[in-house]
Structure formats: C-alpha cells, structure tokens
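Subject: Structure handover and notes

Dear colleague,

I am passing on the structure we spoke about, and would be glad if you could look it over together with the notes that come after it.

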Amino acid sequence: KFGPNSDFSLTPQNILETVNVLVSDEAKDSWTALNANQSRNTSSSLLGSMEFFAGSLPTKSFNVTTQLIQLNQDIFDNSFSANLNSSVLIEIPETNSNHLTITTLTFSSLSNVLPARNGSNQSVNDNIINGLVVLVKLNGTTKNVSLGFDKVNKSLTFNPQCVFWNFSLFNSLGGWDNAGCKVKSNDKGKVTCHCNHLTSFSILMSTSIPKAIQDALDIITYVGVGISMGSLVICLIIEACVWKAMTRNNTSYMRHVSIVNIAVSLLIADIWFIIGASISKNSLENPGEDTTTPIPACTAATFFIHFFYLALFFWMLISGLLLFYRTVLVFSHMSKSTMLAIGFSVGYGAPLIIAVVTVAATAPSGGYIKENQACWLNWDKTRALLAFVIPALTIVVINFLILIVVLYKMLRRGVGDATQPDERNAVVVIARCLAILTPFFGLTWGLGVGTMVDPTNKGIHIVFALFNSLQVTEYIGALFSIIVPYTEIIISFLFSN
C-alpha cells in the first residue's frame, strides 16, 4: 500500500506493473470474494492508494504505460484537453490559472476491482461499469470538467449514469455516486459527462434487457420451449404413423423428408438451448454473483444451437427448391437418390461449413460467444451473430421469391398440368406449408434483429421471446394443413393397426 512512509525509490513503471497484476482478469475472482466481505474496503483501499500515488509524483510532464494502466502527467496554462487511451476525452476549460499540473491514471480493467454498487442500494443492482475508469488529480481547483467515455459494450443504451467513486458510501466500503455529475449526451457508442469536481470517474449502464421484464422473458422462454419440444415429439410420432401412406411418389417423399428434418433440427436445437441456459449465468442479471461461464461447454452448446438452427432454415430452403423444381421444371425428372443427396448436402452440409468457419474464425480471439451473458453467438466484439442472421434471412427472402414465382405459374397454367394428380396435390401442399412457415420464421428472426437494434424496447423483447419459443406451434399448424387432405388415409391406417 502507498502511504506517507512509502519507498518511492521504485519507479512509477515498477509500481504500475505491480498494480497491473492486481487489476488483471486473472485476479477478478479474488476481488469478487474480497468485495463480498462487508467488513473490509479492500477495493477502496487500492483506489485510495493510487490517488495518493498520483498526488505524490514529481512536478513534470511524462507518461508511463502498462498493459492495463496509462499514467499521464501534464503541465498546462488556463485550459486542458486530452484523449486518454483513445477511449476517454477530458476537457477543462478556462481555469484562469497558469502552470497547473494534472495527473491522470486510466484503468482498462478496474471494473474487475470496483463493484458496480451505487446510490443507496448495495445488494441489488442491475448496473455494470461500461467505461474505463479514470483517476484525475489537479494541483488546483475547477468546477467545470467534461469527460467523454467510449462505451465498452456499445449495445447497452439504457439509463447511463456519470459517477465518481465515493469512499464514504456504505459505511466507508465505498461506492459509485453521481453527485455533481450529469449526462450531457448519450450517443450510440459514447457518453459525455459534465462534473463540477475531480476524482475517480466512470459510467454505469443498466443492462440491455430492462429488469422489469427479465422474469417475464424467462417464464415465456422456458414454458414456450417446453411446449415446443413436446409439440415436436408429437410431430415426429404423426410422421412415423403416416409415412407409408403419404410418401407414394418422389415429391411427397422429399416433402416429408424435409418435414422430419426441420422437426429434428428444431428439437435438437431446443435441447441444446436448455443445456446452454443451464451452464451460463448472465452477469448483467446476477450482479455480485460468480457468473463465470465454462467456456468449452458454452462454446459447444453455441456451436450446436447455431448448426441446428441453420439446418432448420436450409431444410426450409430444400422445401422451397423442391416446390420450384416440381412447378417450374415440370418436364425434368430427378431420381429419389439424387434428390436425397442434394437435400442432405444442402440441409446439413451448408450449415456445418458455416458453423465450423464461424467458430474457427472467432473462438481463438475470444469473440465466439456472449461470454457471461448467454451461450449464443457474439455480436459486440466480432459480429459472429451475422453468421446466423445473414443465411437465415437470405433463405426467407429466397423462399418468398419462390412462392411468388410458383403462384404466378399456378395462376397462369393451373397446378402442374404436366404432372400426375398426386404430384399436383403434393405441390399444392408444399406451397401451403411454405406460405405458412416462411413468413412466421422470417418474422420471428426479424424480431431478433430488432432486439439488437433497439435493445431496451420491452415490446420487441416480449414478442420475440413469445414467437421464438412457440415457433413450433405454428410449425404443427403447418403440419396439420399438410395432413388434413389425407385424413381418410390416416384414419384407415390407424384402425387397420
């Protein structure tokens, strides 16, 4: 600890390198345990020592940089402006004084040390430190300082607070206080603060999902996923019962192969979703708790969720291509084995390539998953989520175009004049299925994009959770629209057995 009797024969570089170890990610778990002790103010002690250190440096201009800390000391006249660590802009206008010394310590990871408690509530808090922490010392006074912080997590936009560390809060444990500071602007990636004093500053941000709807979203999601999984099992049982009666030609056969694989992909994706949810704990929703996510397990869950959700969409594409083939290329005849080879190559091969390339490109840099938030593709760091969004929405657009072309052909010449009656019926049923599923899945994942664009919109979050968790209900509806024309065959099959 630095104090009046400290040995300053050590250079500032030595001191900062020592503190660099204390505030590193490797020490985060230790600080979590220390901060849980309500009788010790260890984190405040470290920050207080750094403030004493900053005020005890010789009066001259210099800078020292370590991996996680940047020390700057400047001498200025009247006004001062500097860009600290390219992430914090500090401006002090018109002090009416000359030869002032300003010392700044910019910490990239002091959020590992200082808890996000603030105000009068110590135990329940849905805030996170979403900017660098900058300590400012001036050998004079000012009542006009502006600080611009780049957001660490740019997707967080809800309720920014400009705060400083108040050592006297919570019976001298210390906490964040906004007295004398206010938000001047809140742009997409930056928050600008105005304060009338100098000390240790940062910004607090509320979580992207408003606390008021977190419990409702959890209930909707888990109940919906449970209903979906049960519905999928029913779907597969129905398919097994009517398989022989409803696969009498190549078109019907491939249609039901697509149905089964869509159902299987959704079911396995839901199972992996439950696994991923059980091994991850959102740090934004569980402040102060140990929310360390097992990276290998979460990475595996994310890979399989990504793969099987993509497989769902690519099998929808197979259904669309089959509809296009049987409606437009009526004189072309493809064998069942060729259709199966194309179906499985596109249905599972394309998703596998996309999923493998995504994990290989982003996992080494730590940008594959939303670490300590959910077992799903990262958005803020690497935009890995685009590896799902782009293929899925592209397939939705392609299937819409296929539906338009098919409807035009049907209205122009009737439903497949060159095909057999049962083939024509299969074409109509495929078109009906795509007309139901394509808009529904497209709307569902379009709402998912909406949650990224406007992360604090309660309505979008609730509707997306409802649509996403219950999308299989609509799928079952589509299945029954396919089966209804064959009701007599199903009944006779069941009674004969």
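The notes below go from the chain as a whole to particular groups of residues.

Please keep in mind throughout that this is a predicted model. The protein chain has 13 helices and 15 strands, and of its 497 residues 49% are buried. Among contacts in the chain with a separation of 6 or more, 73% are between residues that lie 24 or more positions apart.

**Annotated spans**

An unreviewed UniProt entry carries the annotation "transmembrane region" for several spans, including residues 259-280, 300-325 and 337-364. I compared two of these with the model. Residues 300-325 are 100% helix and 0% strand, with 37 Å between the C-alpha atoms at the two ends, while residues 259-280 are 95% helix and 0% strand, with their end C-alpha atoms 31 Å apart.

**Helix α7 and its aromatic rings**

The structure holds 14 aromatic pairs. One of them is formed by F304 and F308, whose rings are stacked, with 6.5 Å from centre to centre and 25° between the planes. Both residues belong to helix α7, which covers residues 295-328, and they are four residues apart, or about one turn of the helix. As for their surroundings, F304 is partly exposed, with a relative accessible area of 29%, whereas F308 is buried, at 12%. F308 also pairs with F307, and here the ring centres are 4.8 Å apart with the planes at 75°, so this pair is edge-to-face. F307 is itself buried, with a relative accessible area of 10%.

Which residues do ring pairs link into a cluster? They are W272, F303, F304, F307, F308, W315, F344 and Y348.

A ring of another kind of interest is that of Y253, since K336 lies over its face, at 4.3 Å from the ring centre.**From helix α7 to helix α9**

L317 is also placed in helix α7, and at 10% relative accessibility it counts as buried, being under the 20% cut-off. Not counting residues up to four places away in sequence, L317 touches V346, I395, I398 and N399. L317 and I402 are 85 residues apart in sequence, yet their C-alpha atoms are 9.7 Å apart in space. A similar relation can be given for T394, which is found in helix α9, residues 386-413: T394 and F313 are separated by 81 residues in sequence and by 9.6 Å in space, C-alpha to C-alpha. T394 is partly exposed, with a relative accessible area of 38%.

**The strands**

Strand β5, residues 100-107, is joined to strand β7 by six bridges, and the two run antiparallel. Within this pairing, T104 has V136 of β7 as its bridge partner. Is β7 largely enclosed or largely open? Five of the six residues of this strand, which covers residues 133-138, are buried, so β7 is largely enclosed by the rest of the structure.

A search of the whole structure finds one salt bridge. The pair consists of K190 and D150, with 3.2 Å between the closest N and O atoms. K190 lies in strand β12 (residues 190-195) and D150 in strand β8 (residues 145-150), so the salt bridge ties together parts that are 40 residues apart in sequence. As to accessibility, K190 counts as partly exposed at 25%, and D150 likewise counts as partly exposed at 25%.

One more residue in the strands may be noted, namely N166, which lies in strand β9, residues 161-166. At 15% relative accessibility N166 counts as buried, because buried means under 20%. Leaving aside its neighbours within four places in sequence, N166 is in contact with G174, G175 and D177.

With best regards

Conventions: Residues numbered from 1 in each chain as written. Predicted model: local features only at pLDDT ≥ 70, side-chain atom pairs only at ≥ 80, totals over all residues. Heavy atoms only, no water. Phe/Tyr/Trp six-rings, centres within 6.5 Å; stacked < 30°, edge-to-face > 60°. Buried < 20%, exposed > 50% of the residue type's maximum accessible area, 1.4 Å probe, protein only. Lys NZ or Arg CZ within 6 Å of the ring centre and 35° of its normal. UniProt positions renumbered as here; feature names shortened; annotations may be inferred. Pairing = 2+ DSSP bridges. Salt bridge = Lys/Arg side-chain N within 4 Å of Asp/Glu carboxyl O. Contact = heavy atoms within 4.5 Å.
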